[in-house]
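This report describes a single protein chain and the metal ion it holds. Look at the structure below before reading on.

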Amino acid sequence: MKSLALACLLASSLYITPSEAKTKAVASFSILGNLVAEIGGNRIEVTTIVGPGADAHVYEPKPTDAQAMAKADVVFVNGLGFEGFQERLIEASGFKKHLVVASRGITALETSNPQDTHNADDHSHEHDHGVIDPHAWHDIGNAKTYIANIADGLCKEDADGCDTFKSNAQDYVARLDQLDSEIKIALSSIPADQRIVITSHDAFAYLGRAYNIRFLAPEGASTESEASAKDVVSIIRQIRTEKARALFVENIADPRLLEQIASETALQIGGELFSDALSSESGPAPTYLDLMRHNTTLLAKAMVGS
Ligand SMILES: [Zn+2]
């Protein structure tokens, strides 16, 4: 009995000590959670608020989220207005420690989607005069800024780990560069007039700017306001006049609107893009690198198609 008690004590102290020493990080959504985990490695514990497949624009925080925030040493958010729930959650949790805005320093795009500017009479007042587009992670150049901000944020929490974080960041940036070259090669043979596709919400402007692809969407840069009948008519007209190549459903959005547009325009659905969240572990986009590879491979296939 004695040795069993001792073994339990040893096992529990072995179990508890390293986890207590780890920096407790919270990330607001799954894509950011993956980036934070890549840089923090085994020196941190990451909790993600909005998980794989979920929509951060309309997320309602749960009591467990406030508990995770209350225990956190450092919280990472995208910023640019992406996390509508952020202020409420910070208030509910009493979190007063270190908040890192991962997009700090990037050049933000304003959404040019008319759906964001003609909803003046509905509840989305922030859409009246053009909106900052929060989906900056879809540009690999911006992802490098996210990585630098994450490494800086972790260094402030854990000075002993700073060399590790910086070296992890350097390795990760090399993988981003490699992926960027792969994507450029995959898209290089696609003529300019074939680089037009439709998605359900306007989430891919940064990807479009980086790789010269035009994305049209019936819904604006936030999923908060639904596409109106007028939006749908206007996108169908655009599909016909601008000869869009394919429609893509999104992992965080109801596919029915896109299916309806597909049937009215005889345009094919090119697959499912991962816009604002990762897939589950067993899906095609469990990490940021997988997500970017998956999305751009699907896009290239649809735009090449005859
Ligand atoms: Zn979005």
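Helices and strands are DSSP runs, a helix having at least four residues and a strand at least two, and both are numbered from the N terminus. Thr23 is found in strand E1. The model discussed here is predicted.

**Overall make-up**

The secondary structure of the protein comes to 10 helices and 10 strands. The protein has 306 residues, and 49% of them count as buried. Among contacts between residues at least 6 apart in sequence, 67% join residues at least 24 apart.

**The zinc site**

Which residues of the protein act as donors to the zinc ion? They are His57, His135 and His201, each through NE2, and Asp276 through OD, and they lie 1.9 to 2.0 Å from the ion. Why is the arrangement tetrahedral? The 4 donor atoms subtend angles of 95 to 118 degrees around the zinc ion, and this makes the arrangement tetrahedral. Along the sequence, the spacing of the donor residues is H-x77-H-x65-H-x74-D. Two of the donors, His135 and Asp276, are 141 residues apart and link distant parts of the chain. His135 sits in the loop between strand E6 (132–133) and helix H5 (140–157), whereas Asp276 sits in the loop between strand E10 (269–273) and helix H10 (288–304). Both His135 and Asp276 are buried.

**Helix H2 and its cover**

Helix H2 covers residues 30–40, and 9 of its 11 residues are buried, so the helix is largely enclosed by the rest of the structure. The buried residues of H2 are Ser30, Ile31, Leu32, Gly33, Asn34, Leu35, Val36, Ile39 and Gly40. What covers them includes three strands, E1, E2 (44–50) and E3, together with the helices H5, H6 (162–187) and H10. Just after H2 comes Gly41, with a positive phi of about 55 degrees.

**The cavity**

Rolling a probe the size of a water molecule over the atoms shows where empty space is left. In this model the count comes to 1 cavity of 30 Å³ or more. About 70 Å³ of space lies in the largest cavity. Its lining is made of 14 residues, and those nearest its centre are Ser28, Met69, Val75, Val77 and Phe85. Strand E1 (23–29), strand E3 (74–77) and helix H4 (86–93) are the elements that each give two or more residues to this lining. By type, the lining residues of the largest cavity divide into 11 nonpolar, 2 polar and 1 charged.

**Three residues and their contacts**

Thr23, Ala72 and Val101 can be taken in turn. The contacts given here leave aside neighbours within four places in sequence.

Thr23, in strand E1, counts as buried because its relative accessibility is 8%, and the limit for buried is under 20%. Thr23 is in contact with Arg43, Ile44, Glu45, Asp73, Val74, Glu157 and Asp158.

Ala72 is placed in the loop between helix H3 (63–71) and E3. Its relative accessible area is 1%, so Ala72 is buried. Leaving aside neighbours within four places in sequence, its contacts are Lys24, Val26, Phe95 and Lys97. Ala72 and Val46 are 26 residues apart along the chain, and their C-alpha atoms are separated by 9.2 Å.

Val101 is found in strand E4, which spans residues 98–101. Is Val101 buried, exposed or partly exposed? With a relative accessible area of 31%, Val101 is partly exposed. Leaving aside neighbours within four places in sequence, Val101 is in contact with Val77, Asn78, Gly79 and Asn149. Val101 and Val77 are 24 residues apart in sequence, and 5.1 Å separates them from C-alpha to C-alpha.

**Positive phi outside glycine**

Most residues other than glycine have a negative phi, and most peptide bonds are trans. The table lists two residues that have a positive phi and are not glycine.

| Residue | Phi | Loop between |
|---|---|---|
| Asn212 | about 60 degrees | helix H7 (205–211) and strand E8 (214–216) |
| Lys243 | near 55 degrees | helix H8 (229–242) and strand E9 (246–250) |

Lys243 is also exposed, with a relative accessible area of 60%.

Conventions. Residues numbered from 1 in each chain as written. Predicted model: local features only at pLDDT ≥ 70, side-chain atom pairs only at ≥ 80, totals over all residues. Heavy atoms only, no water. Donors = N, O, S within 2.8 Å, 3.2 Å for Na, K, Ca; no water. Tetrahedral: all angles 85-135°; square planar, octahedral: opposite > 155°, others 65-115°. Buried < 20%, exposed > 50% of the residue type's maximum accessible area, 1.4 Å probe, protein only. 1 Å grid on protein atoms, 1.4 Å probe; cavity = no way out; pocket = protein on both sides within 12 Å on 5 of 7 lines; lining within 4 Å. Points joined across faces, edges and corners; volume = space filled by probe spheres on them. Nonpolar A, V, L, I, M, F, W, Y, C, P; charged D, E, K, R; others polar. Contact = heavy atoms within 4.5 Å.
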